[in-house]
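Visitor: I'd like to learn how to read a structure like this one, feature by feature. Can we walk through it together?

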Amino acid sequence: MAKRSIVPFGPQHPVLPEPVHLDLVLEDETVVEAVPSIGFVHRGLEKLVEIKDFKEYVYIAERVCGICSFGHGMGYCQSVEHIMGVEPPRRANYLRTIWMEMSRVHSHLLWLGLLADAMGFESLFMESWRLREKILDMFDLTTGGRVIFSVNCIGGVLKDMDSGMLKAISDTIDEMEKELRPIAEAFLRDYTVGVRLRGLGVLKPEQAILAGAVGPMLRSCGIAYDARKLGYAAYNELEFEPVTASDGDSYARCEVRIQEIYQSFALIRQAISKIPEGPIRVPVKGNPNGEYFMRIEQPRGEAIYYVKANGTKFLDRFRLRTPTTSNIPPMLELMKGCQLADVPLLILTIDPCISCTER
Amino acid sequence: MEYLNTIEPITMEQFLPMVIQFKMDGWRLVQICACRLPEQYELSYSFAKGFDMRTLRLTVGEDEPVSSITQVYPCAFIQENEVAELFGVKIESMENDYHHKLYRIARDTPFKEKG
Amino acid sequence: MGKLAKSPWMLHYDGSSCNGCDIEVLACTTPVYDVERFGIINTGDPFQADILLITGGINSQSESVVKQIYSQMPNPKVVVAVGICACTGGIFKECYNIKGGVDTVIPVDIYVPGCAARPQAIIDGVVKAVELLQKKREAFASQRKKSGT
């Protein structure tokens with residue numbers, strides 16, 4: 001038997017924008033086991049529901065994570081709305097859908113850039129992030145913020161988009177779609193990228209279910225589960241099919257995310273063409289009483305928002321199960337038997353969001 | 001179309017057999033959540049298959065031990081450790097037990113007391 | 001900003017931030033904002049870094065990491081706290097696991113406010129840090145001359 005050694009990985013590591021620590025048990029260059037230790041960004045946000053009232057808490061829910069910010073605000077608002085029996089106006093639902101899909105585009109482009117950077121493909125990283133700036137400009141135009149918008153509120157949204165803004169968004173995504181093609185080509189057709197990604201970290205469908213994988217991780221094994229199909233916000237009025245791939249390797253995960261960017265462009269176009277006129281929020285009276293598990297599809301996968309209210313303005317409990325929490329166990333499975341040099345790449349292919357995970 | 005999203009109260013005796021049944025039927029573990037009640041804890045285990053989701057609701061006393069489901073669903077270890085560390089729920093025979101060292105917070109079981 | 005004698009290297013660490021400021025710091029190094037035009041390189045190695053950018057407040061676990069990174073950096077060094085959480089603890093100040101801003105653990109030279117800090121503000125903070133580093137360098141050099149080491 002080869003000699004075993006333990007290599008610490010992280011928390012401060014060039015490939016990771018966020019701190020996470022792994023103890024890698026190695027036999028020569030091969031990983032036998034990976035033991036995670038997290039908690040570097042644990043803040044304890046869930047406990048703030050005891051001192052912030054439920055309307056104010058929207059701003060904290062949005063700051064669980066700066067990348068999935070809009071989705072967290074929306075998920076929290078929708079679960080409180082469900083408990084209170086408040087139906088947001090149709091226009092608000094459409095606006096939420098547009099912002100949500102824009103968030104997905106920004107998140108996936110961010111991930112593509114980080115993936116390219118992990119492979120040492122610097123120019124592709126720069127290209128992806130340059131393209132991502134265009135969607136951030138649209139966020140800036142419509143909400144005034146680049147990463148954290150604070151446009152959700154219980155009962156609807158706080159800001160409306162006028163026809164000029166909708167036109168600007170639709171022009172921008174037309175332009176982006178054109179510019180994305182060569183970038184997508186580089187990821188999906190480039191020989192070197194293919195050699196690096198194909199066959200790396202293969203997840204089988206039954207393994208994915210047992211380990212609880214969600215999002216692009218699950219869909220890249222051929223399972224068409226996308227929580228948007230549950231029909232929250234305006235998704236029940238839009239036409240789309242979950243993107244899947246069959247191989248379950250790193251290449252498949254990359255492919256799913258790239259196709260989802262195109263899908264988001266299509267969804268934004270549909271939403272802009274169908275958006276009704278009308279109010280953007282309804283007044284909310286009283287306090288919530290009850291509990292609900294809300295599921296929404298974040299860029300990284302399905303997220304669960306649990307709200308338990310007791311009839312006062314302070315909630316009993318808010319719990320958020322983020323996609324990365326579910327995706328860490330499958331990631332640890334994938335690492336068994338891989339080479340040490342592939343570890344950073346494998347961590348990236350689950351698109352980890354540690355700040356979400358630890359809250 | 002409406003999909004299942006239910007909360008089913010169960011007893012401790014039903015708990016493990018139901019979890020095993022879920023696994024045999026190919027459901028995936030969605031989340032584990034604890035909530036503080038006066039002198040009790042409320043544990044919710046959610047499972048999903050396709051678009052349906054069912055949540056098992058277990059109410060346990062403050063010092064009553066709960067058996068871990070990591071033997072059935074190994075991926076539960078992160079969330080079970082979290083429940084044990086933040087709430088102080090006693091979870092027995094957990095695989096990958098971090099012994100309250102997952103988040104390494106300065107304060108013990110912050111969610112146990114209000115405020 | 002005058003002419004620089006040397007190219008400062010920059011290190012970024014995430015204290016316990018929500019990622020918002022982190023991705024803005026990263027966005028600063030990409031073509032649209034391009035902080036590297038000031039001769040700065042983003043490095044991953046504390047032993048070779050002159051400027052430390054920290055985002056997010058400090059919690060009980062990241063405290064020792066931040067202290068360690070700071071002690072590993074060679075003198076003179078400049079610390080920039082990016083975002084309101086790194087300045088004071090911000091919206092998370094009341095959380096049980098947050099100690100407060102970065103200055104509760106290590107000395108901070110430049111504070112960049114904002115939630116999330118905008119790239120323009122980050123660039124401004126970095127440029128100020130570059131100037132300060134130059135001054136600290138000169139002071140450090142003259143002190144070394146005096147002591148004759």
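Visitor: Let's begin with a sheet in chain A: in what order do strands 6, 7 and 8 sit, and is the pairing parallel or antiparallel?

Guide: Keep in mind that this is a predicted model. To read a sheet, list its strands in spatial order and then check the sense of each pairing. In chain A, 3 strands make an open sheet in the order 6-7-8, with antiparallel pairing.

Visitor: Which strands are the edge strands?

Guide: Look for strands that pair on one side only. Here those are strand 6 (289–298) and strand 8 (317–321) of chain A. From one strand to the next, the twist averages 10 degrees.

Visitor: Over how many bridges do strand 7 and strand 8 of chain A pair?

Guide: Strand 7 (residues 301–310) of chain A pairs with strand 8 of chain A over 5 bridges, in the antiparallel sense. For a residue-level view, find A:K308, which stands opposite A:R317 in strand 8 of chain A.

Visitor: Which strands does helix 10 of chain A lie across?

Guide: For helices on a sheet, ask which strands are touched and at what angle. Helix 10 (residues 323–335) of chain A lies across strand 6, strand 7 and strand 8 of chain A, at about 130 degrees to strand 7 of chain A. Helix 2 (residues 69–84) of chain A lies across strand 6 and strand 7 of chain A, and runs at about 145 degrees to strand 6 of chain A.

Visitor: Now helix pairs. At what angle do the axes of helix 5 and helix 9 of chain A cross?

Guide: The axes of helix 5 (residues 163–189) and helix 9 (residues 250–274) of chain A cross at roughly 165 degrees and come within 10 Å. Angles over 145 count as roughly antiparallel, so helix 5 of chain A is roughly antiparallel to helix 9 of chain A. Their crossing is left-handed.

Visitor: What kinds of residues make that contact between helix 5 and helix 9 of chain A?

Guide: They divide into 13 nonpolar, 1 polar and 3 charged. Among them are A:L166, A:I173 and A:F187 in helix 5 of chain A, and A:I258, A:F265 and A:R269 in helix 9 of chain A.

Visitor: How many residues do chain C and chain A each bring to their contact?

Guide: Count each side separately: 33 residues come from chain C and 35 from chain A. On the chain C side, helix 1 gives the most, with 7 residues. That side divides into 17 nonpolar, 11 polar and 5 charged residues.

Definitions and conventions: Residues are numbered from 1 along each chain as its sequence is written. Chains are lettered from A and ligands numbered from 1 in the order in which they are written. This is a predicted model: local features need pLDDT of at least 70, side-chain atom pairs count only at pLDDT 80 or more; totals for chains, interfaces and linings use all residues. Axes are lines fitted to C-alpha atoms, for helices over the stretch in contact, and angles run from 0 to 180 degrees between N-to-C directions. Helices (H or I, at least four residues) and strands (E, at least two) are DSSP runs, numbered from the N terminus. Angles under 35 degrees count as roughly parallel, over 145 as roughly antiparallel, 65 to 115 as roughly perpendicular and the rest as oblique. A crossing is left-handed if the near helix is turned anticlockwise from the far one by less than a right angle, and right-handed if clockwise. Two residues are in contact if their C-beta atoms, placed from the backbone, lie within 7 Å. Ala, Val, Leu, Ile, Met, Phe, Trp, Tyr, Cys and Pro count as nonpolar, Asp, Glu, Lys and Arg as charged, and the others, Gly among them, as polar. Two strands pair if DSSP finds at least two bridges between them.
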